[in-house]
Amino acid sequence: MKELLHIADGFNELLKELPVSSFAGFLEESGRKIRRIADNTVFHIDLFCCTNASAAGKKIMQSLQENETPYKLLIKNELNYTVRIFEDPIPAVAFIIWDEAMQECDALIRYFKKENNGYRAMFLVDLLGNTHNIQSLIAQSEQSVKTFFLLPEKVNSGHLPTILTADIHPSSLEQLQQLSCLNSIRPAFLFLDEILASETRAAQTRKLLVSQNTHITRKEEEALNNSELTINLRQLIRKTAQELEKSYTAKYEDLNKPNTGRFSMVAVEQSNRLTELEQKTVAEKKEKLDASIPKDFQEQFIATVSANIRTELGKDEAFIKSSFEDMLTQANIQLRSKGIKAVNPEGIYPLFPDKEQTIHSFCYMNKTYTGELVKKGTMEYLVALKDYTGLTVVIGGLLAPLSVIATAGDMSLFKHMAMWVKVSTGLISLSLIGYGISDLRKRIPKRRAEEFQKELNKAKELLQQEAKRMFSDSSQDWTSHIARWLVDTNQNIGQQIEKNIREAQLQKANRMREEKKQQAKQQMSVDLLLRNVQAAAQVRDKLVVQYNNMVTAIEKDLKL
């Protein structure tokens, strides 16, 4: 049936419209099989006989098989009647051997009554002699099947071509053969509906996915503006720096508080360790000694103050860097949540201030103590006797008028008076000298200790002042260095964060640009697929119309 070649061409056209379909293999194979069906010239007939048919029924089946040429009988029973091979024609003519087994087979009887079983002529070989009952069993509502009843004797003694042509005109047999070919390709049309429905669903699903991806990309593009994140991170960095600045400023204020601050207490403690003064003889000062603080004590004093400063400065570096590490951990959590590369701690910290440079710059004696002490020995007593010698001169001066009066005449009274004045003056002078010597032996050691303690207190006070100066100046210099370090570190962190954000934005922008290109291609692909599906549906509709017209034309001319 050469008209089927147009149907085969239609399947090839469907394959062109759906080249990437998962059903492309089916369409291609269907086209090839439809061409084989179109080239088929053998008249196929279904022969129904139950597997447990009577002996008479089996004899008739054997007789028909022996005389089937030029026709082809396809043996059907209750086990294989539903089995159809797409490549083989589905007959429009059926022979039914009706015996007790067939009459009791409900499945086959229901099949014969079906209106879409494809048969247009059914030949019943009645072995029971109950034609009316058989007609009622297999009768169809639309009466589209012509039923012919055959006697067993006629079938056993005749040839199949003779039996057929006795009831059906050869031209009608040719039309039945054409209907057989058309019946064979009808399942392919039914499956075409499923194919197009599946392809439509797949195209709509892909369209929905592309739309969702486009929406997601648009949202990600809107989220590229990380200004809020940048503001939050700047506030976090600024807050950390301010808290650190307040922390170490308050720390050194507490350390340098008078009396209660640790630095002040160390200054007092270390200055009180001074118990001796270094004494030196000076040529131009015979009765005095120059006093100063021993050099080894000064060195030990400076070393102790430096060690205390060094300890506190060392704590600052560890504390400040630890605080920045905690801050970077919080910042990196926010960065990673936005898909941005975390800040690398390496390279963001500038060189930390050198505490040794601060210590060496301010830990030295800015002022030098110098004092005077009276030399021990004779000179110490002679110097002290000046007070008593002056008292003797004063008393002698009080007796001078009596001495003048005593020398005014030669009278014995005046002579006795002069003698008394001299003796009194001598005794008083000797007494005062003796008292002075005795008193000085008690006073000089006490005075010596008081003068030494006085000079020692002056030296201690100077040491305290110098220690407080070292602590205060070092603290101020160190805090200023730390403040500059914090500013530089904040700038480095801010610059790296902004750099990472820019890089992430650039990467995302490039990725979204590629995604947009890909989505545009996908959208074009989906649109093309939808157009192809629509075009395939039009081809399918055209093929269905062509098929129905062919069936209608044959059935219109078919006369049974």
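**Strand order, helix packing and selected residues in a predicted model**

Glu-243 has a relative accessible area of 45% and is therefore partly exposed, a value that belongs to a predicted model, as do the other values described in this passage. Glu-243 is a residue of helix H10, and its C-alpha atom lies 9.7 Å from that of Ser-323, although 80 residues separate Glu-243 and Ser-323 in sequence.

Helix H10, which spans residues 227-255, packs with helix H11, residues 262-271, at an angle of about 30°, and the two axes are 5 Å apart. Since angles under 35 degrees count as roughly parallel, H10 and H11 are therefore roughly parallel to each other. On the side of H10 the contact involves Tyr-252, Asp-254 and Leu-255, and on the side of H11 it involves Arg-262, Phe-263 and Ser-264. Sorted by class, the residues in this contact of H10 with H11 comprise 3 nonpolar, 1 polar and 2 charged.

Two further helix pairs were examined in the same terms, given that two packed helices are described by the angle between their axes and the distance between the axes. In the first of these, the axes of helix H1 (residues 4-17) and helix H2 (residues 24-39) approach within 8 Å and cross at roughly 170°, an arrangement that makes H1 roughly antiparallel to H2. The residues of H1 that make the contact are Leu-4, Leu-5, Ile-7, Ala-8, Asp-9, Phe-11, Asn-12, Leu-14 and Leu-15, and they are met from H2 by Ala-24, Leu-27, Glu-28, Ser-30, Gly-31, Ile-34, Arg-35, Ile-37 and Ala-38. The contact of H1 with H2 contains, by class, 12 nonpolar, 3 polar and 3 charged residues.

The other pair is formed by helix H12 (residues 295-337) and helix H13 (residues 355-362), whose axes come within 10 Å and cross at roughly 150°. Because angles over 145 degrees count as roughly antiparallel, H12 is roughly antiparallel to H13, and the crossing of H12 and H13 is right-handed. Ser-306, Ile-309, Arg-310, Leu-313, Gly-314 and Glu-317 contribute to the contact from H12, while Lys-355, Glu-356 and Ile-359 contribute from H13. In terms of class, 3 nonpolar, 2 polar and 4 charged residues take part in the contact of H12 with H13.

The strands of the model include an open sheet of 5 strands, arranged in the order E2-E1-E3-E4-E5 with parallel pairing. Strand E2 (71-76) and strand E5 (146-150) are the edge strands, each of which pairs on one side only, and the twist from one strand to the next averages 25°. Within this sheet, E1 and E2 run parallel and are joined by 6 bridges, with Asp-46 standing opposite Leu-74 in E2. Strand E3 (residues 93-98) likewise pairs with strand E4 (residues 121-126) in the parallel sense over 6 bridges, and Phe-95 stands opposite Phe-123 in E4.

Strand E1 is mostly covered, with 6 of its 6 residues buried. In a regular strand the side chains alternate between the two faces of the sheet. In E1, Phe-43, Ile-45 and Leu-47 point one way, whereas His-44, Asp-46 and Phe-48 point the other way, and all of these residues are buried.

The loop between strand E1 (43-48) and helix H3 (55-66) contains Thr-51. The relative accessibility of Thr-51 is 41%, and this residue therefore counts as partly exposed. When residues up to four places away in sequence are not counted, Thr-51 touches Lys-58, Asn-77, Glu-78 and Leu-79. A separation of 8.4 Å is found between the C-alpha atoms of Thr-51 and Ala-101, which lie 50 residues apart along the chain.

Ser-172 belongs to helix H9 (residues 170-222). With a relative accessible area of 3%, Ser-172 is buried, since the term applies to residues under 20% relative accessible area. The residues that Ser-172 touches, not counting those up to four places away in sequence, are Leu-558, Lys-559 and Leu-560.

Terms used
Residues are numbered from 1 along each chain as its sequence is written. This is a predicted model: local features need pLDDT of at least 70, side-chain atom pairs count only at pLDDT 80 or more; totals for chains, interfaces and linings use all residues. Side-chain values use heavy atoms; hydrogens and water are left out. Axes are lines fitted to C-alpha atoms, for helices over the stretch in contact, and angles run from 0 to 180 degrees between N-to-C directions. Helices (H or I, at least four residues) and strands (E, at least two) are DSSP runs, numbered from the N terminus. Angles under 35 degrees count as roughly parallel, over 145 as roughly antiparallel, 65 to 115 as roughly perpendicular and the rest as oblique. A crossing is left-handed if the near helix is turned anticlockwise from the far one by less than a right angle, and right-handed if clockwise. Contact means heavy atoms within 4.5 Å. Ala, Val, Leu, Ile, Met, Phe, Trp, Tyr, Cys and Pro count as nonpolar, Asp, Glu, Lys and Arg as charged, and the others, Gly among them, as polar. Two strands pair if DSSP finds at least two bridges between them. Buried means under 20% relative accessible area, exposed over 50%, partly exposed in between (1.4 Å probe, protein chains only).
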